[in-house]
Amino acid sequence: MPSETIKLTAKFKLKGTPEGLDELFETYREIVNFLITYAFENNITSFYRLKKETYKSLRRGYPELPSHYLYTGCQMATAIFKSFRKRRKKGKAKGKPVFKKEVIMLDDHLFKPDLEKGTVKLSTPNGRIQLEFYPAKYHEKFRDWKVGQAWLVRTPKGTFLNIVFSKEVEVKEPKAFVGVDLNENNVTLSLPNGEFLQIITHEREIRTSYFVKRRKIQRKIRTGKKRKELLEKYGQRERNRLNDLYHKLANKIVELAEKYGGIALEDLTKIRDSIRYSAEMNGRLHRWSFRKLQSIIEYKAKLKGVRVVFVNPAHTSSLCPVCGGKLSPNGGRVLKCSNCGFEADRDVVGSWNVRLKALKMWGVSVSPESPPMKMGGGKVSRNDAYELYTSYG
């Protein structure tokens with residue numbers, strides 16, 4: 001049975017700030033800025049070249065610092081410089097990039113967490129120090145996972161260690177696929193047995209309400225600490241609500257797909273590049289975190305042994321899933337095929353075509369008209385749709 005790797009990042013809040021960390025943050029920031037300047041002046045985007053040309057001088061300048069800080073510093077610097085070059089080409093950046101954040105990138109040689117004791121051992125210029133963190137219930141699931149790289153982050157709310165964990169999981173060969181059509185306010189599923197299910201998420205209303213709240217704050221309070229605090233407060237509330245919604249939604253989708261073994265999603269990575277609507281619609285779609293929802297569905301599915309495939313989104317809502325003919329609007333959100341007369345809700349059509357594309361990708365021959373999918377069978381009735389309720393604090 002084939003296996004795949006799942007990677008998840010867990011956040012650990014440290015208890016206080018141990019002595020020596022201030023100096024470590026300052027030293028690391030100096031090193032990264034030196035490397036960014038060197039990369040900028042010599043137009044270096046290769047981590048290996050940057051490390052090769054700067055390592056000896058940095059080793060002489062910081063003899064007490066564990067060498068792996070220099071490796072991760074090179075990784076940070078090349079990533080920052082590459083991002084700067086991309087933004088500069090688009091006219092969104094000028095001058096020279098500067099690293100100002102209090103962030104230290106760690107590889108697995110620099111730290112060692114103990115989830116049972118609630119501690120982390122960290123290498124510093126003064127030897128290894130022990131850090132304590134506040135344990136959380138979700139940390140427990142990572143006890144048998146492999147530890148990868150991490151980021152030590154200092155913010156006004158405290159110092160955090162964000163660790164990347166990985167795990168090998170067995171993914172079964174799918175018997176069939178559940179097609180998933182993601183929208184701003186609902187998710188429509190096409191099941192292999194010929195049924196459709198639409199989940200009303202209310203995501204658009206949640207995002208719009210918080211967008212309006214932030215706009216009111218920005219207009220009422222022009223500058224100052226209070227303005228920043230209020231914007232952060234409502235921004236965090238929005239993220240918490242949506243995160244809760246995404247996890248509940250992903251759990252439901254994976255639960256439905258378990259007996260079939262496969263989930264089909266649209267590859268929406270380039271959707272924002274093709275958005276050419278009104279300013280309001282552009283703003284809404286740019287605020288829509290579809291990729292985050294997809295990533296949550298993907299890792300939860302893999303943990304259950306369910307395979308996830310991504311299909312080309314082209315024409316999923318414009319071609320007839322029965323005969324392949326072109327669909328035309330027929331009032332509201334209904335589409336009709338001028339060739340065979342098929343008629344269905346556009347979200348049903350999307351999820352159905354996503355499922356068919358996945359089957360074709362998997363080498364399954366798809367007949368022009370699948371037996372359970374007869375004419376007019378693509379309507380979502382009131383009994384087939386339900387709202388995904390979430391509990392908010």
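**Sheets, pocket and cysteines**

Thr155 in strand 6 and Gly158 in strand 7 are bridge partners. This is a predicted model, and the pair is a convenient place to enter it. Strand 6 passes into strand 7 by way of a hairpin with two residues in the connection. The two strands run antiparallel and are held together by eight bridges. Strand 6 covers residues 146-155 and strand 7 covers residues 158-170.

Strand 7 has another partner, strand 1. These two also run antiparallel, and eleven bridges join them. One of the facing pairs is Glu4 with Val169, the latter in strand 7. Of the 13 residues of strand 7, ten are buried, so the strand is largely enclosed by the rest of the structure.

Strand 6 likewise pairs with a further strand, strand 2. Four bridges connect strand 2 to strand 6, again in antiparallel fashion. Ile104 has Leu152 of strand 6 as its bridge partner.

Put together, these pairings give an open sheet of four strands in the order 1-7-6-2, with antiparallel pairing. Strand 1 and strand 2 (103-106) are its edge strands, and each of them pairs on one side only. From one strand to the next, the twist averages 15 degrees. As background to reading any such sheet, side chains in a regular strand alternate between the two faces of the sheet.

A second open sheet is made of three strands. Its order is 3-4-5, and its pairing is antiparallel. Strand 3 (111-114) and strand 5 (127-132) are at the edges with a single partner strand each, so one side of each has no neighbour in the sheet. Here the twist from one strand to the next averages 20 degrees. Strand 4 consists of residues 119-124 and is joined to strand 3 by four bridges, the two running antiparallel. Asp114 is bridged to Thr119 in strand 4.

Further along the chain, strand 9 (residues 186-190) and strand 10 run antiparallel and share five bridges. Leu189 has Leu197 of strand 10 as its bridge partner. These strands form a hairpin with five residues between them, and in this hairpin Gly194 takes a positive phi near 95 degrees. Strand 10 spans residues 196-200; four of its five residues are buried, so it is largely enclosed by the rest of the structure.

A contact in space leads from this part of the chain to a helix. Val187 and Val348 are 161 residues apart along the chain, yet their C-alpha atoms are separated by 9.7 Å. Val348 belongs to helix 8, which runs over residues 346-361. Its relative accessibility is 0%, so Val348 counts as buried.

The four-strand sheet comes up again in the lining of the largest pocket. This pocket contains about 1,100 Å³ of space. Its lining is made up of 26 residues, and those nearest its centre are Thr9, Lys11, Tyr138, Asn243 and Lys292. Five elements each give two or more residues to the lining: strand 1 (3-13), strand 6, strand 7, helix 5 (225-257) and helix 7 (290-303). Strand 1 provides the largest share, with seven residues. Sorted by class, the lining has nine nonpolar, nine polar and eight charged residues. Strand 1 thus has two roles in this account: it is an edge strand of the four-strand sheet, and it gives the largest share of the pocket lining.

The cysteines remain. How many disulfides does the structure hold? The number is zero. A disulfide is a covalent bond between the sulfur atoms of two cysteines. Cys323 is in no disulfide, and its nearest cysteine sulfur, that of Cys337, is 3.5 Å away. The cut-off for a disulfide is a pair of cysteine sulfur atoms within 2.5 Å, so the sulfur of Cys337, at 3.5 Å, does not qualify.

Is Cys323 buried or exposed, or something in between? Its relative accessibility is 34%, so Cys323 counts as partly exposed. Cys74, by contrast, has a relative accessibility of 2% and therefore counts as buried. The cut-off behind these labels is that buried means under 20% relative accessible area and exposed means over 50%, with partly exposed in between.

How values were computed:
Residues numbered from 1 in each chain as written. Predicted model: local features only at pLDDT ≥ 70, side-chain atom pairs only at ≥ 80, totals over all residues. Heavy atoms only, no water. Pairing = 2+ DSSP bridges. Axes fitted to C-alpha atoms, helices over the stretch in contact; angles between N-to-C directions. 1 Å grid on protein atoms, 1.4 Å probe; cavity = no way out; pocket = protein on both sides within 12 Å on 5 of 7 lines; lining within 4 Å. Points joined across faces, edges and corners; volume = space filled by probe spheres on them. Nonpolar A, V, L, I, M, F, W, Y, C, P; charged D, E, K, R; others polar. Buried < 20%, exposed > 50% of the residue type's maximum accessible area, 1.4 Å probe, protein only.
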